[in-house]
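Trainee: I'd like to go through this one by asking why each label is used. Can we start with the sheets?

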Amino acid sequence: MTLAPHIARQLDEEAAGRAARRRTIAEVPLGSRQGPRVVLPDGRDVLNLCSNDYLGLAGDPLLHATVVAAQERWGLGAAAGRIISGTFAPHVALEAELSAFLGTPASMLFTSCFDANAGLFEALAGPEDLILSDAHNHASIIDGIRLSRARRATYPSRDLRELRRLLEDAGDARRILIVTDGVFSMDGEGADLPRLCDLADRFDALLIVDDSHGVGVLGPLGQGAISGCGVEGRVDLITGTFGKALGGLGGFISGRSELIAALRQTSRPYLFSNALPPAYAEGARYVLRMLQRDEAPLTRLRENVALLREELRRCGAEVADGQHPIIPIILGDEEVTRATASRLRDEGMLVVPLTHPVVARGQARLRLQVSAAHDPDDLRWAARVIGDAVRRAAVGRVADLGRAR
Ligand SMILES: Cc1ncc(COP(=O)(O)O)c(C=O)c1O
């Protein structure tokens with residue numbers, strides 16, 4: 001069967017447009033488990049500085065054994081949505097244990113956090129409501145808001161003065177929702193949750209925080225940005241993923257019981273999509289128990305983050321203050337950033353270059369992500385090589401400027 005020629009032509013033109021704008025995305029099929037080092041298609045074993053596997057659990061043998069044993073008991077897929085025959089004992093147990101871990105009254109599961117965000121706004125907000133969203137929020141929040149028919153406005157990232165102005169202008173909105181990432185994935189910086197809670201209280205708005213990059217990383221036991229900022233009980237809904245620091249798969253919404261009860265009746269991905277495979281729910285239960293009895297992975301992560309940040313500075317890279325395992329190194333120029341990432345790959349490490357439109361023009365950067373499973377010697381080596389590459393990039397830029405004059 002061949003594609004209709006006009007559609008084939010359109011797709012070719014669109015692909016050429018993406019290539020001209022340097023927007024073609026290349027996938028790198030790994031030949032090994034996710035982990036601190038991975039095997040590339042050419043067989044090279046390289047240092048991996050671009051996974052969300054912050055606690056090093058994605059390849060963890062004990063987590064695997066738990067999920068495999070649970071698959072023996074519960075089978076592979078749920079083969080039904082939660083309201084048909086897809087609710088299993090591990091789902092109910094995980095929802096209760098997640099709430100106990102996060103300090104929230106109720107929780108519900110999704111197959112991904114993308115689904116959680118996609119199913120939240122349409123369920124809670126209609127045309128008479130207003131949603132206020134941080135400009136750097138994740139794509140799944142943006143899409144979730146698009147699916148709702150609510151009025152919406154975006155405030156410049158972390159600009160709470162502008163958010164306040166929008167709240168003051170809310171007029172006769174029946175309900176106001178404020179939504180923010182807990183930690184922004186482009187730079188690892190956190191939202192100012194205490195002030196956001198104050199604003200939500202002052203204007204009777206619901207506050208929703210996507211803590212996908214906070215859970216498992218921040219807070220005393222990895223409960224996330226909410227606990228890290230001391231605002232437990234003040235955020236109405238938290239969304240998050242089991243697919244980053246927690247090493248598995250799945251998403252959740254956790255928070256006020258009345259809201260969770262309403263979402264169980266109305267959130268479309270919850271109602272009309274397969275439930276999370278029960279074995280993955282068992283995997284998440286194992287990780288939550290582990291985090292509460294063993295502080296070693298979180299301690300190792302924090303030591304590795306401090307080490308890489310310090311070594312990078314010592315080697316001449318500019319690194320902003322922060323404690324999150326996402327470490328941006330802003331180079332500015334898009335070509336230079338891409339070329340530097342590619343040079344680093346030749347040298348033996350995977351680092352992601354982020355360019356426009358993912359980040360603002362002139363803010364192109366390398367994004368490094370640290371894991372508890374990284375060997376400290378690998379991180380010291382990486383800092384030296386990155387320091388060198390960044391210096392060469394700066395020299396190249398100055399030479400280019402000279403030529404241009
Ligand atoms: C802030 C944020 N929210 C949601 C998601 C989606 O999570 P999941 O992979 O569970 O769909 C991501 C993943 O990139 C994310 O960074």
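Mentor: Sure, and one definition first: two strands pair if DSSP finds at least two bridges between them. Keep in mind that this is a predicted model.

Trainee: What makes strand 3 and strand 9 a pair, then?

Mentor: Strand 3 and strand 9 (residues 251–255) are joined by 5 bridges and run antiparallel. The cut-off is at least two bridges, so they count as paired. For one concrete bridge, look at Leu-109, whose partner in strand 9 is Phe-252.

Trainee: Which sheet are they part of, and in what order do its strands come?

Mentor: An open sheet of 7 strands, ordered 3-9-8-7-6-4-5, with mixed pairing.

Trainee: Why do strand 3 and strand 5 stand at the edges?

Mentor: Strand 3 (106–110) and strand 5 (151–155) each have a single partner strand, so one side of each is left without a neighbour in the sheet. As for the twist, neighbouring strands here are turned by 20 degrees against each other on average, direction ignored.

Trainee: How do you know that strand 7 belongs between its neighbours in that order?

Mentor: Check the bridges. Strand 6 (residues 176–181) and strand 7 run parallel and share 5 bridges, with Val-179 partnered by Ile-208 in strand 7. The chain gets from strand 6 to strand 7 through helix 8 (residues 193–202), a right-handed β-α-β crossover. Strand 7 also pairs in the parallel sense with strand 8 (residues 237–241), over 3 bridges, and there Val-209 stands opposite Ile-238. Both counts meet the cut-off of at least two, so strand 7 has strand 6 and strand 8 as partners.

Trainee: What makes strand 7 "mostly covered"?

Mentor: Strand 7 covers residues 206–210, and 5 of its 5 residues are buried. Leu-206, Ile-208 and Asp-210 point one way, Leu-207 and Val-209 the other, and all are buried. That fits the general rule that side chains in a regular strand alternate between the two faces of the sheet.

Trainee: Which helices lie across this sheet's strands, and at what angles?

Mentor: Helix 3 is one of them: it lies across strand 3, strand 8 and strand 9, at about 125 degrees to strand 3. Helix 6 (residues 139–147) lies across strand 4 (130–134), strand 5, strand 6 and strand 7, at about 165 degrees to strand 4.

Trainee: And the sheet of 3 strands: which are its edge strands, and why?

Mentor: That open sheet has the order 10-13-12 and antiparallel pairing. Strand 10 (326–332) and strand 12 (352–354) are its edge strands, as each pairs on one side only. The twist from one strand to the next averages 30 degrees. Strand 10 is joined to strand 13 (residues 364–369) by 6 bridges in the antiparallel sense, with Pro-328 opposite Arg-367. Helix 14 (residues 334–347) packs on this sheet, touching strand 10, strand 12 and strand 13, and makes about 30 degrees with the direction of strand 13.

Trainee: Off the sheets now. Why does Leu-55 count as buried?

Mentor: Leu-55 has 27 C-beta neighbours inside 10 Å, and the cut-off is 20 or more, so the label applies. Leu-55 is in the loop between strand 2 (45–48) and helix 2 (61–74). Its contacts beyond four places in sequence are Gly-216, Ala-245, Gly-247, Pro-297, Leu-301 and Ala-372.

Trainee: What about Arg-22 and Ala-79: why are they called exposed?

Mentor: Arg-22 has 11 other C-beta atoms within 10 Å and Ala-79 has 12. Exposed means 12 or fewer, so both qualify. Arg-22 lies in the loop between helix 1 (5–20) and strand 1 (37–39), and Ala-79 in the loop between helix 2 and helix 3 (89–102).

Trainee: What is the phi of each?

Mentor: Arg-22 has a positive phi of about 55 degrees without being a glycine, and Ala-79 likewise has a positive phi of about 55 degrees. Most residues other than glycine have a negative phi, and most peptide bonds are trans.

Trainee: Which peptide bond is cis, and how do you know that?

Mentor: The one from His-356 to Pro-357, with omega near 10 degrees. Pro-357 sits in the loop between strand 12 and strand 13.

Trainee: Last one: which residues come nearest to the ligand, and what classes make up the shell?

Mentor: Ser-112, Cys-113, Phe-114, His-138 and Thr-241 come nearest, out of 13 residues around the ligand. The shell has 2 nonpolar, 9 polar and 2 charged residues.

Technical notes
Residues numbered from 1 in each chain as written. Predicted model: local features only at pLDDT ≥ 70, side-chain atom pairs only at ≥ 80, totals over all residues. Near = placed C-beta within 6 Å. Nonpolar A, V, L, I, M, F, W, Y, C, P; charged D, E, K, R; others polar. Helix = DSSP H or I, 4+ residues; strand = E, 2+ residues; numbered from the N terminus. Right-handed = clockwise from strand over helix to strand, strands pointing away. Axes fitted to C-alpha atoms, helices over the stretch in contact; angles between N-to-C directions. Contact = placed C-beta atoms within 7 Å.
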